[in-house]
Amino acid sequence: MSLWEYANPVKFLALSERVMPWLWVSSAVCLVVGLIWGFFFTPDDFRQGSTVKIIYLHVPAALMAINAWFMMLVASLIWIVRRHHVSALAAKAAAPVGIVMTLIALVTGAIWGQPMWGTWWAWDPRLTSFLILFLFYLGYVALWEAIEDPDTAADLTSILCLVGTVFAVLSRYAVLFWNQGLHQGASLSLDKEENVADVFYFPLLVCIGGFVLLFLALVLYRTGTEIRVRRTRALMAREAKLA
Amino acid sequence: MRALFFRDLALALRAGGGFGLGLAFFLIVVVLVPFSVGPQSALLTQIAPGVLWLGALLACLLSLDRLLAVDWEDGALDLLATSPLPLEGILAVKAAAHWVTTGLPLVLAAPVLGVLLNLAPGGYGVLVLSLALGTPALSMIGAFGAALTVGIKRGGLLLSLLVLPLYVPTLIFGAEAARRAAQGLDPATPLLLLAGITLAVLAAMPFAAGLVLRVNLR
C-alpha cells in the first residue's frame, strides 16, 4: 500500500469520490461555525472596531493562495519526475482556485484598508508581492489554455511553475528592498508570542481549517472533472477513428 | 556556435526592422511620456530613471517573439536541434545575439534619451551601467519565454504575460540603482544584487529554456 497507487486515475477517482462528501460537509461546517462565531460572537477590536472581523476571510484566503501555489509546485515536480497524469491534472485544477483565493485576499484587504489605512491600495511589499503572485497565476493558466496537446501543456506549465516559483520568491524579497511596509506583521505564527488574542485566534483557526478543507474538496472535484474530460476526449478520438 | 551567433546577427541586421525597431520603440515611448504626464522638468527629473528602465524593458520585449519563431517556421530550429550543438548552448547564443541587437543599442541610447527626460547629471553613468548589467538577464529570460511559446500561434501576447512577471526583480533593482544615483545616493547595493540576478539567470536559465524547447520540438 503506497501513496503512488493513487496515481492510477481509477483508484484516484474511487478514493476521491469516497472522501469528497466528507470534505464538503466538514468544510461547510467549519466555515459556517467559524464565520458565525467570528462575525457575531467575538468582541470588536479596541482600535479597529468591527473591521477586524474581515480577518476571518482575509487571512485564510491569503494562506491558501500561497499554499495552492506550493501544492502546484509539488504536483508539477511529481509530474516531471514520475509522470503521473493525475498529478499534472491536479496542478491544473488547483490554479483557478488559487487565483480566486488571491483575489479574495486582495479584495478583502482593500476593503479593510480603506477605513483603516485610508486607502484601498498601497504599494506595500506584501500587497505588491500578492499582486505579482496573481500575475504568475494568470500566466500559468493562460499557458495551459493556449496549448492543445495535454502532455506538452503539462510539461511546459510544470517548468513554468518551477521557474515562476524561483522568481516569485525573488520578487517577494526584491519588493521588500524596494519599499517600506504598511502592512502589519504576521498575525499568526507557530511560536505563540506574535499571535492575535485568543478570542480572535480560535474562530480564525476554525476558518482556516474550513478553507483548507474547501480547497481540498475543490481540487479533488476539479481534478476528477479533468480526468473525465481527458477520458471523454480519448473515447471520442477512438470512435472517430473507427467511424 | 560562433557561426550561429554571426548568422543570427546578420539575419537581424539585414531582415529590416529587427535592429532599429526596438531602438525606435524606446525613443517613441520616452517621447510620449512628457505628453502623458506634462512637461514640468522637475517631475520628469524625478521619474526619468524609472521611465528609461521601463522603456528599455518594453523595447526588449517587443522583439522577443521573433527570437525563435522565425527559425521555427522555416524549420531551421529542427536542423539546429539535430546539430551537435547542445540546445542549451543554442539558446544562450540566440539570447546573446538578441542582446547585441536589442539590449546593447538600448544601453547606448539611454543617456541620449535621458537628456530628453531631464535626468539628473549624476545619474547617467549608473543608468548605463545598470542597463548594461540588467539587459542580458532580460534577453535570457526572454529566450526562456520564447521557447515556452514557440509552438503557439499568435503567442506574442501570451509571451508578454509570461515574461513580464519574471522581469520584476531585474526591473526593481535596475531602476532602484539608477534612481539612487540620480538622487545622489550610493547605488552599490542594488547594482550588486542586479548583477547577482543576471549572473544567476545566465547560469541557470539556458537549461530551463533548453528543457522547454526540447518539449516543444518533440
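**Entry 1: Val212(B)**

I started at Val212(B) and listed its contacts, leaving aside neighbours within four places in sequence. Val212(B) touches Leu156(A) and Ile159(A) from the other chain, along with Phe144(B), Ala147(B) and Leu148(B) from its own. A note to myself before going on: this is a predicted model.

I then asked which residues touch the most other members of the largest nonpolar core. They are Ala147(B) and Val212(B), in a core of 141 residues.

**Entry 2: where the chains meet**

Next I looked at the contact between the two chains. I found 21 residues of chain A and 17 residues of chain B in this contact. On the chain B side, four helices each supply at least two residues: H7 (123-149), H8 (156-166), H9 (168-182) and H10 (188-217). I sorted that side of chain B by class and got 16 nonpolar residues, one charged residue and no polar ones.

**Entry 3: H5(A) against H10(B)**

I wanted to see one helix pair across the chains in detail. The axes of H5(A) and H10(B) come within 9 Å and cross at roughly 170 degrees. Angles over 145 degrees count as roughly antiparallel, so H5(A) and H10(B) are roughly antiparallel to each other.

Which residues meet here? From H5(A) I noted Thr152(A), Asp155(A), Leu156(A), Ile159(A) and Val163(A), and from H10(B) I noted Ala208(B), Leu211(B), Val212(B) and Val215(B). My starting residue, Val212(B), is thus part of this helix pair. By class, the residues of this contact are seven nonpolar, one polar and one charged.

**Entry 4: H8(B)**

I moved along chain B to H8(B) and looked for its buried residues. I found Leu158(B), Leu159(B), Leu161(B), Leu162(B), Val163(B), Pro165(B) and Leu166(B). What do they pack against? In chain A, the partners are helix H4 (125-146) and H5. In chain B, they are helix H3 (41-62), helix H4 (65-73), H7 and H9. I wrote a general reminder beside this: in soluble globular proteins, nonpolar side chains tend to be buried together.

**Entry 5: H4(A) and H5(A)**

H4(A) and H5(A) had both come up, and I checked how they sit against each other. Their axes come within 10 Å and cross at roughly 170 degrees. H4(A) and H5(A) are therefore roughly antiparallel to each other.

I listed the residues in this contact. On H4(A) they include Ile132(A), Leu133(A), Phe136(A), Tyr140(A) and Trp144(A). On H5(A) they include Leu156(A), Leu160(A), Cys161(A), Ala168(A) and Arg172(A). I saw Leu156(A) here, and I had already met Leu156(A) as a contact of Val212(B). The classes in the contact of H4(A) with H5(A) come to 14 nonpolar, five polar and one charged.

**Entry 6: chain A as a whole**

I stepped back to look at all of chain A. I counted six helices and zero strands, in the order α-α-α-α-α-α along the sequence. The C-alpha atoms fill a box of roughly 70 × 40 × 35 Å along the principal axes. Of the 243 residues in chain A, 37% are buried. Taking contacts between residues at least 6 apart in sequence, I found that 78% join residues at least 24 apart.

I also checked the confidence. Chain A has a mean pLDDT of 86, with 91% of its residues at 70 or more. Among its elements, H2 (residues 55-82) has the highest mean, 91, and H5 (residues 150-178) the lowest, 88.

**Entry 7: Leu23(A)**

I picked Leu23(A), which lies in helix H1 (residues 9-40) of chain A. Is Leu23(A) buried or exposed? It counts as buried because it has 20 C-beta neighbours inside 10 Å, and 20 or more is the cut-off. Leaving aside neighbours within four places in sequence, its contacts are Leu213(A), Leu216(A), Ala217(A) and Leu220(A). I also looked up Glu226(A), 203 residues from Leu23(A) along the chain, and their C-alpha atoms are separated by 19 Å.

**Entry 8: two loop residues**

Last, I looked at two residues other than glycine with positive phi. Arg83(A) has phi near 55 degrees and sits in the loop between H2 and helix H3 (85-117) of chain A. With 13 C-beta neighbours inside 10 Å, Arg83(A) counts as partly exposed.

Asn118(B) has phi near 60 degrees and sits in the loop between helix H6 (87-116) and H7 of chain B. Asn118(B) has 17 C-beta neighbours inside 10 Å, so I put it down as partly exposed.

Conventions:
Residues numbered from 1 in each chain as written. Chains lettered and ligands numbered in written order. Predicted model: local features only at pLDDT ≥ 70, side-chain atom pairs only at ≥ 80, totals over all residues. Contact = placed C-beta atoms within 7 Å. Nonpolar A, V, L, I, M, F, W, Y, C, P; charged D, E, K, R; others polar. Core = buried A, V, L, I, M, F, W, Y, C linked by C-beta atoms within 7 Å. Buried ≥ 20, exposed ≤ 12 C-beta atoms within 10 Å, placed from the backbone. pLDDT = per-residue confidence, 0-100. Axes fitted to C-alpha atoms, helices over the stretch in contact; angles between N-to-C directions. Parallel < 35°, antiparallel > 145°, perpendicular 65-115°, else oblique.
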